[in-house]
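Reader: I have the sequence and the structure open side by side. Could we go through the labels one by one, and could you show me what stands behind each?

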Amino acid sequence: MTTMLEPLRRIAAYAVCADSVGRVLLVRASERSGTPGTWSLPGGAVDHGEDPNHTVVRETAAETGLSVAVSGLDDVLADMRALPERGITIHTDRLIYRVSVRGGTLTDRVDRPTDLARWVTPTEARELPLRSFTARALGLPASSADVVPDEPPEFPSFYAVPGPDGLHRAQRFAAYAVATDPDGRVLLTRVSDGYPGAGCWHLPGGGTDYGEQPGAALIRELVEETGQRGRLVELLGVASHRDAASLGPEGYPIDWHGVRAFYRVMVDQPAPPTVTDVGGSTCEARWFAREELGALPADRLTEVTAEAVQAARLG
């Protein structure tokens, strides 16, 4: 019964790397991994405080011997897999980047979680036992290599653990909306007192639940925080911010690392904003005309809001 397994969460970044003849770079999981013999994109877990852009470069070099440069973000997705032999089930938020090779020599590894690195054609990849997220990233038929839990386990949306320095650490994945209406207005929310960034204007959205896809989480949060119903238009980017001593309602400092995907969202039938999740981190929601948004002082916007507004070319 996979429902009895201990739940874990992590954030990871992966590389889609193609050569001049259309072959793609893949790595094979070794006997030391949870899915030995399966093939996946090179990549791995995002360290605490690490920008995922750096993760994908670091992990690709470690697993393949190649130095790569990030050229763009392809996709953000989530999945669960059960590892009964380890007594755990893992939810992973995966950031899929496009990269190009800068140099290096393709190298196999010994006594590591991956043992082979190869360039393969799309036809060859189709015949391999691919991890599900890798098949999706390459546009190939879904693989059944992963064991999926019976149902999502109970897991807190906020989870802090003691770090090596004694300070609690929290790494959280979240999804946010750059939401606009047919008149070009932008929807923002204001952070409640007692939360990091109190009083600042923020994008609607928040942390995703265990087993939840980012897009679904975003649409849910949009309703809870503003009363608006929207539709996803496009993925704009991912922001990574660390606050080494964040203070929130917990009452003690936390070394906080947030990785936040932000999407363009259209609200086709806007309504007066209503905060339905009363008592949470959002105390107000409001539509801003473009000129009103541009007139807001920089210190009245949260970091991710300023970054996303720039990416959406609204500022």
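Reader: Let's start with helix 4, residues 214-226. What makes its span agree with the expected one?

Author: Happy to begin there, with the reminder that this is a predicted model. Helix 4 has 13 residues, and at 1.5 Å a residue they should span 18 Å. The end C-alpha atoms of helix 4 are 18 Å apart, so the two values agree.

Reader: Which residues of helix 4 are buried?

Author: Pro-214, Gly-215, Ala-217, Leu-218, Glu-221, Leu-222, Glu-225 and Thr-226. Buried here means under 20% relative accessible area, so each of these falls below that cut-off.

Reader: How do you know that these buried residues are on the same side of helix 4?

Author: From the arc: they cover only 155 degrees around the axis, which puts them on the same side of helix 4. There is a general pattern behind such spacing: an α-helix has 3.6 residues a turn, so residues three or four places apart point the same way. Just after helix 4 comes Gly-227, with a positive phi near 75 degrees.

Reader: And helix 6, residues 303-311: which of its residues are buried?

Author: Val-304, Thr-305, Ala-308 and Val-309. Their arc around the axis is only 130 degrees, which places them on the same side of helix 6. Glu-303 and Gln-310, on the other side, are called exposed because each has over 50% relative accessible area.

Reader: What covers the buried residues of helix 6?

Author: The cover includes strand 9 (168-180), strand 10 (186-191), strand 11 (201-202), strand 13 (231-246), strand 14 (254-266) and helix 5 (290-295). Helix 6 is followed by Arg-313, whose phi is positive, near 60 degrees.

Reader: On to the sheets. Why are strand 3 and strand 7 said to stand at the edges?

Author: They belong to an open sheet of three strands in the order 3-2-7, with antiparallel pairing. Strand 3 (39-40) and strand 7 (114-120) each have a single partner strand, so one side of each is left without a neighbour in the sheet.

Reader: What makes strand 2 a partner of strand 3 and of strand 7?

Author: Pairing takes at least two bridges, so the count decides. Strand 2 (residues 24-29) and strand 3 have two bridges, in the antiparallel sense, and Val-27 stands opposite Ser-40 in strand 3. Strand 2 and strand 7 have six bridges, also antiparallel, with Leu-26 opposite Arg-118.

Reader: Why is strand 2 called mostly covered?

Author: Five of its six residues are buried, and buried means under 20% relative accessible area. Helix 1 (residues 52-64) packs on this sheet, touching strand 2 and strand 7, and its direction makes about 70 degrees with that of strand 2.

Reader: What is the strand order of the open sheet of four strands, and which are its edge strands?

Author: The order is 4-1-6-5, with mixed pairing. Strand 4 (43-45) and strand 5 (66-83) are the edge strands, each pairing on one side only. From one strand to the next, the twist averages 20 degrees.

Reader: How do you know that strand 1 and strand 4 pair?

Author: Strand 1 (residues 6-17) and strand 4 have three antiparallel bridges, and at least two are needed. One of the residue pairs is Tyr-14 with Gly-43 in strand 4. Helix 1 packs on this sheet too, touching strand 1, strand 4, strand 5 and strand 6 (88-104), with its direction at about 90 degrees to that of strand 5.

Key. Residues numbered from 1 in each chain as written. Predicted model: local features only at pLDDT ≥ 70, side-chain atom pairs only at ≥ 80, totals over all residues. Heavy atoms only, no water. Contact = heavy atoms within 4.5 Å. Axes fitted to C-alpha atoms, helices over the stretch in contact; angles between N-to-C directions. Expected span 1.5 Å × (residues − 1). Buried < 20%, exposed > 50% of the residue type's maximum accessible area, 1.4 Å probe, protein only. Arc of directions from axis to C-beta.
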